[in-house]
Amino acid sequence: MSLAAPRIPPFAPPRRTLMGPGPSDVPQRVLDAMARPTIGHLDPAFQAMMEELKTLLRYAFQTGNALTFPVSGPGSVGMEMCFVNLVEPGDQVIVCVNGVFGGRMLENVRRCGGVPVAVEDPWGRAVDPAKVEDAFRAHPDARLLAFVHAETSTGAQSDAAALAAIARRHGALTIMDCVTSLGGTPVLIDAWGIDAAYSGSQKCLSCTPGLSPVTFSERAIERVKARKAPAQSWFMDLNLVLGYWSGEGRRTYHHTAPINPLYGLHEALRILAEEGIENAWVRHRTLHQALRRGFERLGLDFVVPEAERLPQLNAVRVPAGTDDAGARARLLNEFNLEIGAGLGAYAGQVWRIGLMGHACSAQNVSCCLDALGRVLGRSE
Ligand SMILES: *Cc1c(COP(=O)(O)O)cnc(C)c1O
């Protein structure tokens with residue numbers, strides 16, 4: 001007796017405009033690249049592509065760090081990779097929490113056996129560098145500072161340069177989450193002196209989800225090599241992964257790399273390099289201003305004060321008397337437009353409208369303003 005074969009038609013996803021907190025719209029060039037023939041992950045042709053990918057990622061991160069590569073896994077795996085390698089049991093880690101993702105960092109530190117010191121700021125605000133300075137004074141043995149550059153749950157951007165400088169003055173390394181910032185707003189790993197950073201493929205890089213670009217400074221690598229005990233995760237142990245992503249000419253098997261998604265990331269990063277990263281930053285800033293003017297005409301209020309706002313993630317309050325889920329369902333069903341719901345403490349209170357990467361276009365700004373105007377019964 002065997003189960004009857006299910007008869008299921010091919011999956012035909014609807015065409016949407018993705019203006020939420022990620023994934024963002026993926027350009028056809030990236031999808032086409034992913035449809036190219038799969039080859040072996042140790043094939044010399046694939047290894048040559050990996051080297052190009054590392055060069056392209058160094059450009060995106062604005063770093064000379066040799067150890068810069070895409071982790072096989074979503075942004076959350078990149079996050080774990082940084083913590084699992086850099087936190088040793090008993091280490092004090094100062095963690096800035098001003099939204100959902102800072103909270104996840106705190107949890108990562110605990111699970112690595114570290115002792116987190118939380119520096120809390122209100123949701124919707126940037127991290128206050130003065131509080132971080134105070135935390136280092138109160139905990140002079142802290143070995144690490146962790147913060148989220150672009151808090152996607154609230155749309156607030158923190159001053160990464162200032163935070164990294166404080167850590168450096170106190171002899172600590174920094175871990176920075178730049179999942180939502182990379183490619184959308186300046187991320188200057190070397191100029192800021194960041195030691196470990198992780199990002200995601202599906203936000204401002206506009207590739208499909210499932211890859212996490214990471215970069216580690218020499219100081220971070222020394223710290224990992226000097227660990228008393230190996231990292232508790234076999235898969236994420238940098239010392240082992242290095243045998244595959246480095247090890248020029250004699251790469252060894254660690255895990256099977258996601259070949260075709262890596263073709264996609266390669267193409268997405270080529271698109272970024274063709275545009276020029278500074279031009280991409282200007283495009284995000286300019287179109288954010290256009291969206292902001294439209295929101296003001298529609299009477300929508302931003303959650304974050306202007307000076308701390310991210311251009312690529314616009315959090316606005318759900319207007320009083322509006323049915324949050326009902327309005328988002330109408331945007332999806334009638335306009336094929338996805339926007340993000342509120343997360344955590346903002347559930348039901350806030351909409352998150354992304355202008356990320358390929359989705360950050362003048363056409364999307366007007367499509368979004370038009371659809372929101374109709375659903376809210378307000379015209380601009
Ligand atoms: C999306 C996001 C993550 C997690 O990335 P996944 O690819 O969903 O695992 C982490 N941090 C921030 C700030 C994010 O926006």
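User: In this predicted model, how many nonpolar, polar and charged residues make up the shell around the ligand?

Analyst: The model is a predicted one, and the shell around its ligand can be sorted by residue class. The residues that surround the ligand include P74, F101 and V148, together with G75, D177 and K203. Sorted by class, the shell has five nonpolar, five polar and two charged residues.

User: At what distance from an oxygen atom of the ligand does a polar side-chain atom of S76 lie?

Analyst: Polar side-chain atoms of several residues lie within 3.5 Å of ligand oxygen atoms, which is the cut-off for a polar contact. For T180 the distance to an oxygen atom of the ligand is 3.2 Å, and for K203 the distance to an oxygen atom of the ligand is 2.7 Å. The protein covers 89% of the 380 Å² of accessible area that the ligand has on its own. For the polar side-chain atom of S76, the distance to a ligand oxygen atom is 2.5 Å.

User: Why is one side of β1 and of β11 left without a neighbour in the sheet?

Analyst: The sheet is open and has four strands in the order β1-β12-β13-β11, with mixed pairing. Because β1 (17–19) and β11 (313–317) stand at the edges, one side of each is left without a neighbour in the sheet, and what each of them has is a single partner strand.

User: By what angle are neighbouring strands of this sheet turned against each other on average?

Analyst: The sheet in question is the open one with the strand order β1-β12-β13-β11. With direction ignored, the average turn between its neighbouring strands is 30°.

User: Which residue in β12 is the bridge partner of L18?

Analyst: Strand β1 is joined to β12 (residues 337–341) by three bridges, and the two strands run parallel. Strands of a sheet pair through backbone hydrogen bonds, either parallel or antiparallel. The bridge partner of L18 in β12 is E338.

User: Which helix lies across β12 and β13?

Analyst: The strands β12 and β13 (350–354) are crossed by a helix that spans residues 324–335. This helix runs at about 160° to β12, and its name is α12.

User: Which residue is joined to P23 by a cis peptide bond?

Analyst: P23 has its place in the loop between β1 and α1 (28–34). The omega angle of the cis peptide bond is about 0°, and the residue joined to P23 by this bond is G22.

User: What is the phi of S206?

Analyst: S206 lies in the loop between β9 (196–198) and β10 (211–216). Although S206 is not a glycine, its phi is positive, at about 55°.

How values were computed: Residues are numbered from 1 along each chain as its sequence is written. This is a predicted model: local features need pLDDT of at least 70, side-chain atom pairs count only at pLDDT 80 or more; totals for chains, interfaces and linings use all residues. Side-chain values use heavy atoms; hydrogens and water are left out. A residue is near a molecule or strand if one of its heavy atoms lies within 4 Å of it. A polar contact is a pair of N or O atoms within 3.5 Å; within protein, one must be able to donate a hydrogen and the other to accept it, and residues adjacent in sequence count only if both atoms are side-chain atoms. Accessible areas come from the Shrake-Rupley method with a 1.4 Å probe; for residues, only the protein chains shown count as cover. Ala, Val, Leu, Ile, Met, Phe, Trp, Tyr, Cys and Pro count as nonpolar, Asp, Glu, Lys and Arg as charged, and the others, Gly among them, as polar. Two strands pair if DSSP finds at least two bridges between them. Axes are lines fitted to C-alpha atoms, for helices over the stretch in contact, and angles run from 0 to 180 degrees between N-to-C directions. Contact means heavy atoms within 4.5 Å.
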